[in-house]
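Visitor: I would like a close look at one part of this protein, with the charged side chains as the place to begin. Please keep the answer in one piece.

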Amino acid sequence: MLQLINDRYFIGGVPVLELCKQYDTPLYVYDTGVMLKQYENLCQAFSGINTRIKFACKALNNINVLRFFKKTGAGLDTVSIQEVWLGLKAGFAPQDIIYTPNCVSLEEIELAVKEGVQINIDNISILEQFGHKYGSSIPVCIRINPHVMAGGNINISTGHIDSKFGISIYQLRHVERIVKSENIRVNGLHMHTGSDILDVEVFLRGAEIMYETAAHFPDLEFIDFGSGFKVAYKPDDYSTDVTELGQRLTESFREFCRGYGRELELWFEPGKYLVSAAGTFLAKVNVIKQTTATVFVGVDSGLNHLIRPMFYNAYHHMVNVSNPGGKQRIYTVVGYICETDTFGWDRKLSEVSEGDVIAFQNAGAYGFTMSSNYNSRFRPAEVLVHNGNHYLIRRRETMDDLLRNQIEIADI
Ligand SMILES: *Cc1c(COP(=O)(O)O)cnc(C)c1O
């Protein structure tokens with residue numbers, strides 16, 4: 001997270017321009033202090049019940065970040081067998097990893113069973129095949145789509161009727177039939193209605209549906225409410241009121257447990273909430289290009305490194321860290337990819353010169369993990385700022401990385 005101190009920008013106590021000098025740009029920088037604060041906020045809000053936080057590692061999967069969350073006491077939410085393997089490599093115990101894939105093969109799920117992680121199934125066909133194969137020997141969690149509508153971009157909302165995620169709540173009867181016939185042990189229920197739910201009410205409505213559903217499954221150990229915490233991207237933006245959510249959900253969950261007859265665990269699996277604000281993406285201005293329409297600031301990056309603005313129309317706040325306190329002017333910030341890759345139109349930045357460094361805030365989640373080699377560009381380096389020190393945690397790619405898996409054939 002950027003901090004302006006005496007007219008200089010810092011991340012976790014380290015001057016930003018020094019990081020750029022040492023590690024070059026484009027560069028992702030993550031601040032463990034912010035991650036810890038976010039994690040503690042959540043724990044605090046839900047301290048009245050038995051809560052487990054599973055970090056959704058698709059948001060940011062550097063192994064050092066995974067280890068950091070393991071150390072804080074978090075578990076891990078994974079959506080692919082590769083993420084499961086990463087999590088195990090980072091040191092998570094299998095029982096602290098939940099595997100929540102969508103539209104994967106039974107073969108992949110079998111691999112996850114072998115690793116001993118918590119399986120979460122999100123369609124009836126696989127549930128049936130899973131039950132046929134394992135019966136009650138391996139417990140499963142079932143992902144329900146409660147069809148509560150979350151806010152945010154349609155691409156990141158998963159609760160709507162056209163969504164491919166989860167088993168519709170309207171298919172509950174069918175699920176029950178399969179569970180009974182195959183003698184499946186359902187130890188958890190799960191919902192994840194999408195990212196950027198602003199509204200505490202949406203969560204609570206989802207929760208009510210989960211409580212009603214739970215009555216049909218006597219062997220539950222936990223209910224997983226997924227994620228959907230909204231973080232503030234713009235300076236005056238709202239974020240989910242975690243304290244209010246904590247109070248109200250704690251109350252309703254307690255009441256549910258009384259009715260259910262047993263204390264269950266309540267799980268969350270946030271990605272963005274834990275790491276978004278902790279990350280800053282730094283890019284250098286290659287060129288300033290005046291056109292008839294605007295003044296473009298062209299940086300040494302593009303949709304290959306930070307695709308959220310183009311993919312989700314996401315807003316990332318930008319700061320010219322090279323000219324604190326400079327005169328404010330209007331710019332359109334774009335990338336160097338041969339494709340329209342606009343980071344933001346009509347942004348107010350302190351006067352920009354070629355060679356300046358632009359910081360993109362809230363870049364910790366779905367930044368690096370969605371990066372690519374498009375245009376044969378190298379992916380950036382990653383740096384972790386931890387207790388006032390900074391560490392290179394991923395080196396910048398080289399030509400060897402671009403060619404790594406290519407096989408040159410003799411006949412061409
Ligand atoms: C992506 C994802 C999350 C994390 O969502 P955020 O908006 O980053 O908090 C949690 N659970 C599942 C199943 C996901 O696919």
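Is Lys284 buried, partly exposed or exposed, and what is its relative accessibility?

Guide: The model is a predicted one, and what follows is read from it. Lys284 counts as partly exposed, because its relative accessibility is 28% and the partly exposed class runs between 20% and 50%. Its salt-bridge partner is Asp24, and the closest N and O atoms of the two are 3.8 Å apart. That distance falls within the 4 Å cut-off, so the pair is counted as a salt bridge. Asp24 lies in the loop between helix H1 (16–23) and strand S4 (27–31), while Lys284 belongs to strand S14 (residues 279–290), so the bridge ties together parts that are 260 residues apart in sequence. Asp24 is likewise partly exposed, at 39% relative accessibility.

This bridge belongs to a larger set. By the same rule, the count for the model comes to 12 salt bridges. One of them joins Glu382 to Arg394, with the closest N and O atoms 2.7 Å apart. Glu382 sits in strand S20 (residues 381–386) and Arg394 in strand S21 (residues 389–394), so this pair ties together parts that are 12 residues apart in sequence. The accessibility of the two partners is as follows: Glu382 is buried, with a relative accessible area of 1%, whereas Arg394 is partly exposed at 29%. Salt bridges also link Glu201, Glu244 and Arg248 in a network.

Another bridge runs between Asp237 and Lys230, whose closest N and O atoms are 3.3 Å apart. Here the lysine, Lys230, is buried at 13% relative accessibility, and the aspartate, Asp237, is partly exposed at 27%. Lys230 has a further polar neighbour through its backbone: the backbone nitrogen of Lys230 lies 2.7 Å from a polar atom of the Thr240 side chain. Thr240 is placed in the loop between strand S12 (222–224) and helix H9 (242–260). With a relative accessibility of 5%, Thr240 is under the 20% limit and therefore counts as buried.

A lysine also figures in the surroundings of Asn102, this time in a polar contact. Asn102 is found in the loop between strand S7 (97–99) and helix H5 (106–115), and at 14% relative accessibility it counts as buried. Leaving aside residues up to four places away in sequence, Asn102 touches Asp122, Lys164 and Phe165. Its side chain makes a polar contact of 2.7 Å with the side chain of Asp122. A second polar contact, of 2.8 Å, joins the side chains of Asn102 and Lys164. For a wider bearing on the position of Asn102, Leu189 is 87 residues away in sequence, and the two C-alpha atoms are 15 Å apart in space.

Helix packing can be added to the picture. Helix H2 (residues 32–45) packs with helix H3 (residues 63–72) at an angle of about 40 degrees, their axes being 11 Å apart. That angle makes H2 oblique to H3. The crossing of H2 past H3 is right-handed. On the H2 side, the contact is made by Thr32, Met35, Leu36 and Tyr39, and on the H3 side by Val65, Phe68, Phe69 and Thr72.

To return to the starting point, Lys284 is a partly exposed residue that forms a salt bridge with Asp24.

Methods:
Residues are numbered from 1 along each chain as its sequence is written. This is a predicted model: local features need pLDDT of at least 70, side-chain atom pairs count only at pLDDT 80 or more; totals for chains, interfaces and linings use all residues. Side-chain values use heavy atoms; hydrogens and water are left out. A salt bridge is a side-chain nitrogen of Lys or Arg within 4 Å of a carboxyl oxygen of Asp or Glu. Helices (H or I, at least four residues) and strands (E, at least two) are DSSP runs, numbered from the N terminus. Buried means under 20% relative accessible area, exposed over 50%, partly exposed in between (1.4 Å probe, protein chains only). Contact means heavy atoms within 4.5 Å. A polar contact is a pair of N or O atoms within 3.5 Å; within protein, one must be able to donate a hydrogen and the other to accept it, and residues adjacent in sequence count only if both atoms are side-chain atoms. Axes are lines fitted to C-alpha atoms, for helices over the stretch in contact, and angles run from 0 to 180 degrees between N-to-C directions. Angles under 35 degrees count as roughly parallel, over 145 as roughly antiparallel, 65 to 115 as roughly perpendicular and the rest as oblique. A crossing is left-handed if the near helix is turned anticlockwise from the far one by less than a right angle, and right-handed if clockwise.
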